[in-house]
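Work through the exercises below with the model in view. Try each task before you read its solution.

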Amino acid sequence: MKFRSFRRSPPAARFTGAPPGPNQQYIAFEKVSLSFGETRVLDNISFEVREGEFLCLLGPSGCGKSTTLRLLSGLLNPTAGSIRIGAQTPLDASEEFAFVFQNPRLANWRSALDNVTLSTELRVGRGDRADWQRRAIELLTLVGLPNDTHKRPLQMSGGERQRVAIARALHVRPRALLMDEPFSALDVSTRKTMQDELIALWQRQLSTVIFVTHDIDEAIVLAQRILVFSCKPARIIDIVELKQARPRRPESDGSLAAVRARLYDLLGS
C-alpha cells in the first residue's frame, strides 16, 4: 500500500477544540461490519478507544485486525455500522493518525534523518525544513539513534530501521499511533528490547497507541487493554484489562500467567 500524500496543514491545526482528557473516549466503533464481495471479514464489532490508551488488537493471523486499522484511518469504508473519532469521521480525522508497519518501508536512498522528515514532507509539502530536521534529530535521539542520523537503511539493523520508522511516524505529531505487527520480523532479543522501548516512549509521549499482534505474550507485555478477535468473520470475543505493573514478564508472574492461559483458551491455541 502506498503512502497517502496530504498537502494540507499539519495535523495539530485540524483538531477542533481541545482533545478529551486521559481515559475519555476518543474513538468509537459501533456495530461495524465489512465484506469484500461474498467474503465477510468483520462481523458487527463494537469497541471504544480511550484517549492516551495503549490498546492491543489480538487474534489469529488474517482475522481482520489490520483491516480494522485501515477502517480507522479512513483507507476503507465499513459495509455497515459507524466509526467516530471524536466528532469526526475517519476520513476527516485521517491526519490525526500515523502508521508503523511490519516492514519499516524506508527509502533506501535517504539517510535516517531524511527518512524521518519524509512523512511530514508528504503531508505538508513545504515548510520550515530546518525545524523539521531539528525535530527529526530529537526523535532519533529519543529512539536511541543519536549518532546514526547520516546512515542509510542498508547500513542499519532491523531493529534500527524500525526505530527510524517509529521516529518518522512521531514526526507528524500524531494524536494516535497505529502499529501493525511492527516487531514480528525481528529476532526474539531485539523484539523484547523494542517492546520495552516502545512502552517507555509511549509513557513519555502520552499518545494513543493501537497495536496489532497475533502474539499473546506481546499483547500482555504492552497493553492496558486487549481486544480479542475471533477467526474470520471476526467478532470481538473478549476484552481483557491489564493493571499489572511494568515491566511485565508473563513467564515469571503468576497473575500474568493466568491471563496468558485465558487468552490461549480463547484463541484455541
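Helices (H or I, at least four residues) and strands (E, at least two) are DSSP runs, numbered from the N terminus. This is a predicted model: local features need pLDDT of at least 70, side-chain atom pairs count only at pLDDT 80 or more, and totals for chains, interfaces and linings use all residues. Residues are numbered from 1 along each chain as its sequence is written, and side-chain values use heavy atoms, with hydrogens and water left out.

**Exercise 1. The whole chain**

Task: Find how many helices and strands the protein chain has, and what share of its residues is buried.

Solution: Start with the secondary structure. The protein chain has 7 helices and 9 strands. Next, burial. Buried means under 20% relative accessible area, exposed over 50%, partly exposed in between (1.4 Å probe, protein chains only). Of the 269 residues in the protein chain, 49% are buried. Last, contacts, meaning heavy atoms within 4.5 Å. Take those between residues at least 6 apart in sequence: 70% of them join residues at least 24 apart.

**Exercise 2. The sheet**

Task: Give the strand order of the open sheet and name its edge strands.

Solution: Two strands pair if DSSP finds at least two bridges between them. The order of the 6 strands is β5-β6-β7-β3-β8-β9, and the pairing is mixed. β5 and β9 (236-241) are the edge strands, each pairing on one side only. From one strand to the next, the twist averages 15°. Angles run from 0 to 180 degrees between N-to-C directions, and axes are lines fitted to C-alpha atoms, for helices over the stretch in contact.

Now look at one pair. β3 (residues 54-58) and β8 (residues 225-229) run parallel, joined by 4 bridges. Cys-56 has Ile-226 of β8 as its bridge partner. Then add a helix. α7 (residues 254-267) lies across β3, β8 and β9, at about 175° to β9.

**Exercise 3. Helix α3**

Task: Compare the span of α3 with its expected span, then find where its buried residues lie.

Solution: The expected span is 1.5 Å times one less than the number of residues. For the 14 residues of α3 (residues 129-142), that gives 20 Å, and the end C-alpha atoms are 20 Å apart, which agrees. The buried residues are Trp-132, Arg-135, Ala-136, Leu-139 and Leu-140. Seen down the axis of α3, they fall within an arc of 140°, so they line one face of the helix. The arc is that of the directions from the helix axis to the C-beta atoms. These buried residues pack against α2 (112-124) and α4 (158-171). After α3 comes Gly-144, with a positive phi near 90°.

**Exercise 4. Helix α4**

Task: Find how many residues of α4 are buried and what they pack against.

Solution: Count first. In α4, 12 of the 14 residues are buried, so this helix is largely enclosed by the rest of the structure. Among them are Gly-159, Gln-162 and Leu-170. The partners of the buried residues are β5 (97-100), α2, α3, β6 (176-180) and α5 (188-205). Arg-173 follows α4, and its phi is positive, near 55°.

**Exercise 5. Two residues of α2**

Task: Which polar contacts do the side chains of Ser-119 and Glu-121 make?

Solution: A polar contact is a pair of N or O atoms within 3.5 Å; within protein, one must be able to donate a hydrogen and the other to accept it, and residues adjacent in sequence count only if both atoms are side-chain atoms.

- Ser-119 sits in helix α2. Its relative accessible area is 15%, so Ser-119 is buried. A polar atom of its side chain lies 2.8 Å from the backbone oxygen of Arg-168.
- Glu-121 is also in helix α2. It is buried, at 16% relative accessible area. Its side chain makes a polar contact of 2.9 Å with that of Arg-110.
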